[in-house]
Amino acid sequence: MNSFNHYAYGAVMGWMYRTMAGIRPGKDGGYSRFVFAPHPDKRMGFCSAEYRTRHGVVKSSWRYDADGGLRYSFTVPDGTEAALRLPGIPEKNLISGVHEMTFK
């Protein structure tokens, strides 16, 4: 089996983008408004993903530090907005730009 054009590969990558990195389209489906809802896992240690939209590149990453802190970084393209949904904090609206945050 040498084919890389297989459903299973796409399903795994879709899960990684939607769940691990948390990049999800908004209700419009066109990424003018979208959602970041990552699910960090210490077993993975880090995750970094980017998705090209017609508005620009959307980026999401998280990483566990040596001291157990969790660092997030999100990039919102110009002219778009994102809802940030992280466990334990109220939903936050992110405007265009790079947004970084650390939690202990």
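Colleague: Which residue of β5 stands opposite R63?
Modeller: This is a predicted model, where local features need pLDDT of at least 70, side-chain atom pairs count only at pLDDT 80 or more, and totals for chains, interfaces and linings use all residues. Residues are numbered from 1 along each chain as its sequence is written, and side-chain values use heavy atoms, leaving out hydrogens and water. A strand here is a DSSP run of E, at least two residues long, numbered from the N terminus. Across from R63, in β5, you will find R71.

Colleague: Over how many bridges do β4 and β5 pair?
Modeller: Two strands count as paired if DSSP finds at least two bridges between them. β4 (residues 56-64) and β5 form a hairpin with 5 residues between them, and G68 in that turn has a positive phi of about 90 degrees. Their antiparallel pairing has this many bridges: 6.

Colleague: Is S73 buried or exposed?
Modeller: Buried means under 20% relative accessible area, exposed over 50%, and partly exposed in between, using a 1.4 Å probe on protein chains only. S73 lies in β5 (residues 70-76), where 6 of the 7 residues are buried. With a relative accessible area of 18%, S73 is buried.

Colleague: Which residue in β8 is the bridge partner of S73?
Modeller: β5 pairs with β8 (residues 97-103) in the antiparallel sense over 7 bridges. Contact means heavy atoms within 4.5 Å, and, leaving aside neighbours within four places in sequence, S73 has contacts including K59, V98 and H99. Its bridge partner in β8 is E100.

How values were computed: Helices (H or I, at least four residues) and strands (E, at least two) are DSSP runs, numbered from the N terminus.
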